[in-house]
Amino acid sequence: MVTIEALNNMSKQVFTETLKDLAEHSPWVIQRVGEHRPFGSREALYQQIVTIIQTANEEEKMNLIQAHPHLGTRKKMTSFSESEQKGAGLNELSEAEYEQLLKLNKAYVERFAFPFILAVRGKNKEEIFASIQERLQHSKQQERDRALAEISHIIRFRIEDQIKEEGS
């Protein structure tokens, strides 16, 4: 873990390298956030990340969404994604469950042209499957907005895991 004070005192390069996995394969988010230091708290850092994402252009937002792995994938992911998906039991799916998840992911991507994103911490595989099925009924705009909101939730969890508040 690193402290807010340490982050505030890092070079831009070290700051970006230290926090690059907060925003899945999207270091541009962290690079821009670094321009707004110093931060007084984890919450201030988080709010700045949310602002950077919200004010990004549409192409950047879609690239951020596209950078996220499909849930249940067996491909290489960041250590954060691996841990989050493992915590939700997605690494222990039966072959039938894995096939069902692949089918749901495929239907989702065919409908929306980007991966299904869900902050899976505290959720089990049944809740995840139900969420995909429910969200397949949404509009593309609703899902784009939901994907960005879920990314923000994921980033909050990752900040809590990686950054220590002063004195805690």
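In the predicted model, lysine 123 is placed in the loop that lies between α7 and α8. Its relative accessible area is 31%, and because partly exposed residues are those between the 20% and 50% cut-offs, lysine 123 is classed as partly exposed. When residues up to four places away in sequence are not counted, lysine 123 touches Ala88, Leu118 and Ile128. Serine 79 stands 44 residues from lysine 123 along the chain, and the C-alpha atoms of the two are separated by 18 Å.

Threonine 16, by contrast in location, belongs to helix α2. With a relative accessible area of 12%, threonine 16 falls under the 20% limit and is therefore buried. Outside its neighbours within four places in sequence, threonine 16 has contacts with Pro27, Ile30 and Gln31.

The largest nonpolar core of the model comprises 48 residues. Leu7, Phe15, Val29, Leu45 and Ile49 are the residues with the most contacts inside this core. At least two core residues come from each of α1 (4-9), α2 (12-19), α3 (27-34), α4 (42-55), α5, α7 (95-112), α8 (125-135) and α9. In soluble globular proteins, nonpolar side chains tend to be buried together. For valine 29, the residues touched are Ala23, Ile49, Ile52 and Ile53, again not counting residues up to four places away in sequence.

Helix α9, which supplies at least two residues of the core, consists of 23 residues. The distance from the first C-alpha of α9 to the last is 32 Å, close to the 33 Å expected at 1.5 Å a residue. Buried positions in α9 include the nonpolar residues Ala147, Leu148, Ile151, Ile154, Ile155 and Ile159. Glu143, Arg144, Glu150 and Arg158, which count as charged, are also among the buried residues of α9, as are Ser152 and Gln162.

Helix α9 (residues 140-162) also packs against helix α5 (residues 58-66), their axes coming within 10 Å and crossing at roughly 65°. The crossing of α5 past α9 is left-handed. On the α5 side, the contact is made by Glu58, Lys61, Met62, Leu64 and Ile65, and on the α9 side by Arg144, Ala147, Leu148 and Ile151. Six of the contact residues are nonpolar and three are charged, with no polar residue taking part. Arg144, Ala147, Leu148 and Ile151, which form the α9 side of this contact, are buried.

Note on methods
Residues numbered from 1 in each chain as written. Predicted model: local features only at pLDDT ≥ 70, side-chain atom pairs only at ≥ 80, totals over all residues. Heavy atoms only, no water. Axes fitted to C-alpha atoms, helices over the stretch in contact; angles between N-to-C directions. Helix = DSSP H or I, 4+ residues; strand = E, 2+ residues; numbered from the N terminus. Left-handed = near helix turned anticlockwise from the far one by under 90°. Contact = heavy atoms within 4.5 Å. Core = buried A, V, L, I, M, F, W, Y, C linked by side-chain atoms within 4.5 Å. Buried < 20%, exposed > 50% of the residue type's maximum accessible area, 1.4 Å probe, protein only. Expected span 1.5 Å × (residues − 1).
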